[in-house]
Amino acid sequence: MFEGGGDKHRDSSSMITNEEYCHRQSAFLADIPLDNVVLIPTNPVMVRSRDTNFPFRANSYILYLCGWNEPEGLWMAHHNGTKWITSLFVQPRDEKKEIWEGRRIGVEQASTQFPVDEAYSIDDLDEVIKSLLSDSKGINYIQGLNSNLDELVKQSGSKYSDPRPVLDSLRILKSPQEIEVMKKSAEIASQAHINSMKAGHPNVGEWELQSVIESHFVNCKSTWAYPSIVGGGENATILHYKSNNEVINDGELVLIDAGCEVLGYASDITRTWPVNGTFSQPQREIYELVLKAQLAAIEACKVNNHWKSMHEAASIVIAQGLIDLGILQCSLKDALGDNFDGQYRKFFMHGTGHLLGLDVHDVGGGRQGDDSPGPLLQPGMVVTVEPGLYFASWRSDIDVPDRYAGIGIRIEDDILITDDGPVNLSENCPKSIEMIEALVGSGGGNHV
Ligand SMILES: [Mn+2]
């Protein structure tokens with residue numbers, strides 16, 4: 001929104017209020033000693049090639065505390081003996097630089113429109129914080145993001161500590177406003193996946209489906225939250241495939257793992273479907289097994305369940321299914337192993353999910369399937385649920401019936417934990433075989 005002579009204002013469509021940011025700041029500062037200075041820098045700008053930078057993405061911690069998303073930002077808090085004073089250091093207005101690089105919010109608008117008491121030019125950082133740093137007993141700050149700040153902190157000789165564990169414990173539980181934003185992010189990504197299914201056909205290029213997905217993100221003023229994975233045929237068995245440069249043949253599946261972000265909040269959705277619109281019998285068997293495992297894992301997303309409960313629920317279904325399909329010839333006990341580390345892990349080698357938020361693999365928990373005990377599931381957590389099965393034909397460590405060779409399938413939704421049970425934020429993205437078969441190719445030739 002631009003007004004008053006073209007000054008850049010805070011986006012009026014923002015779904016997170018200043019009141020909420022202030023609440024987050026108070027909750028954070030309640031855990032910080034009063035004689036400390038707190039400094040939360042944003043991410044550095046990274047060079048892509050010569051004078052072209054990578055698109056700037058603000059650090060999730062500064063986004064969480066105040067929503068500041070311009071480069072070089074720094075959020076600060078210090079206690080004046082009576083109360084915490086919060087500040088933003090920002091790029092100052094500069095007509096010459098703005099002509100080249102874009103409009104800046106500037107110091108004045110930062111102090112009046114953003115949830116801080118004071119604002120300063122980042123050019124005055126040294127001058128403003130030197131005495132604060134030398135007077136403080138400790139410095140709470142995130143190292144390694146702002147080299148100038150790292151140097152100033154080092155020179156001050158003060159003891160520093162990492163504020164991230166405190167912030168992580170807050171970020172893990174999403175507020176009603178955050179949940180609304182995450183719903184929007186999941187809705188945009190769901191529609192993008194639907195569009196890609198409609199555009200599917202034999203011999204479609206992976207990159208063409210990627211462009212359908214990402215053009216919808218851009219069309220919604222969003223952007224990808226992580227590089228889109230579009231893997232056709234055996235490429236679906238490569239977990240972080242991102243070349244997206246091969247043609248998908250008639251009879252093959254495509255696995256698309258793609259999500260976007262809204263105000264920094266990520267969605268993370270995976271669908272796998274046949275490009276010709278009809279699952280073959282072997283594809284159908286594996287798809288039904290992964291879907292059954294995913295539904296069991298979603299069912300386990302209940303308040304006070306252990307972090308690993310959804311991984312265990314998915315694993316039991318997968319292990320039994322592998323035995324039933326003749327892929328594993330052993331008992332369920334041997335398939336699962338003593339600690340969910342048995343033979344089924346050769347085909348389902350990743351966790352069942354992760355926390356989701358301002359980071360796609362969000363802070364505050366482990367990944368499902370790793371060794372950390374992780375948190376108990378609580379209302380307000382958002383997790384992904386994404387079991388998969390992968391049968392790469394070129395692997396020497398597995399032996400699968402020919403009919404399943406080359407199949408890779410993952411199904412992923414974004415699940416909000418509530419007192420009333422799991423709420424699927426990506427429920428509008430179809431995943432039943434019937435709905436997928438009806439959708440694939442239904443967009444005619446126009447790919448939308
Ligand atoms: Mn994921």
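Are Asp268 and Glu386 buried or exposed? I looked both up in the predicted model. Asp268 is buried, and Glu386 is buried as well.

**Entry 1. The manganese site**

I listed the protein donors of the manganese ion: Asp268 through OD, His354 through NE2, Glu386 through OE and Glu412 through OE. They lie 2.0 to 2.3 Å from the ion. I then wrote down the spacing of the donor residues in sequence, which is D-x85-H-x31-E-x25-E. Asp268 and Glu386 link distant parts of the chain, being 118 residues apart. I placed Asp268 in the loop between β17 (265-266) and β18 (269-274). Glu386 I placed in the loop between β19 (382-385) and β20 (388-390).

**Entry 2. Aromatic pairs**

How many aromatic pairs does a search of the whole structure find? I noted eight. One of them is Phe279 with Tyr287, a tilted pair with 4.9 Å centre to centre and 55° between the planes. I checked burial for this pair: Phe279 is buried, and so is Tyr287. Tyr344 and Phe348 also form a tilted pair, with 6.2 Å centre to centre and 55° between the planes. Tyr344 counts as buried because its relative accessible area is 0%. Phe348 is likewise at 0% relative accessibility, so it counts as buried. I also recorded one aromatic cluster made by Phe347, Phe391 and Tyr404.

**Entry 3. Arginines over rings**

I looked for charges over ring faces and noted two cases. Arg345 lies over the face of Phe348, at 5.5 Å from the ring centre. Phe348 is thus a ring that I had already met as the partner of Tyr344. Arg171 lies over the face of Tyr61, at 4.7 Å from the ring centre.

**Entry 4. Helix α6**

Which residues of α6 are buried? In this helix, residues 147-156, I found Leu149, Asp150, Leu152 and Val153 buried. They sit on the same side of α6, because they cover an arc of only 165° around the axis. On the other side of α6, I found Ser147, Lys154 and Gln155 exposed. I then asked what the buried residues of α6 pack against. The partners are β3 (36-41), β6 (74-79), α5 (125-135) and β9 (138-141).

I looked at both ends of the helix. At the start of α6, a side-chain oxygen of Asn146 comes to within 3.2 Å of the backbone nitrogen of Asn148. Just after α6, Gly157 has a positive phi of about 75°.

**Entry 5. Arg395**

I located Arg395 in the loop between β20 and β21 (408-410). Is Arg395 buried or exposed? Its relative accessible area is 18%, and the cut-off for buried is under 20%, so Arg395 counts as buried. The side chain of Arg395 makes a polar contact with the side chain of Asp397, at 2.9 Å. Leaving aside neighbours within four places in sequence, I found Arg395 in contact with Lys346, Met349 and Tyr390.

**Entry 6. Positive phi outside glycine**

I went through two asparagines. Asn203 has a phi near 70°, a positive value in a residue other than glycine. I placed Asn203 in the loop between α8 (176-198) and β11 (204-205). With a relative accessible area of 49%, Asn203 is partly exposed. Asn304 is not a glycine either, yet has a positive phi of about 75°. I placed Asn304 in the loop between α10 (281-299) and α11 (309-324). At 48% relative accessibility, Asn304 counts as partly exposed, because exposed requires over 50%.

**Entry 7. Ala110**

Where is Ala110? I found Ala110 in helix α4, residues 106-113. Its relative accessible area is 0%, so Ala110 is buried. Not counting residues up to four places away in sequence, Ala110 touches Trp68, Val90, Ile105, Val116 and Ala119. I also took the separation of Ala110 and His193, which are 83 residues apart along the chain. Their C-alpha atoms are separated by 37 Å.

Definitions and conventions. Residues are numbered from 1 along each chain as its sequence is written. This is a predicted model: local features need pLDDT of at least 70, side-chain atom pairs count only at pLDDT 80 or more; totals for chains, interfaces and linings use all residues. Side-chain values use heavy atoms; hydrogens and water are left out. Donors are N, O and S atoms within 2.8 Å of the metal (3.2 Å for Na, K and Ca); water is not among the atoms, so sites may look incomplete. Helices (H or I, at least four residues) and strands (E, at least two) are DSSP runs, numbered from the N terminus. Buried means under 20% relative accessible area, exposed over 50%, partly exposed in between (1.4 Å probe, protein chains only). Rings of Phe, Tyr and Trp (its six-membered ring) pair if their centres lie within 6.5 Å; planes under 30 degrees apart count as stacked, over 60 as edge-to-face and the rest as tilted. A charge sits over a ring if NZ of Lys or CZ of Arg is within 6 Å of the ring centre and within 35 degrees of the ring normal. The arc is that of the directions from the helix axis to the C-beta atoms. Contact means heavy atoms within 4.5 Å. A polar contact is a pair of N or O atoms within 3.5 Å; within protein, one must be able to donate a hydrogen and the other to accept it, and residues adjacent in sequence count only if both atoms are side-chain atoms.
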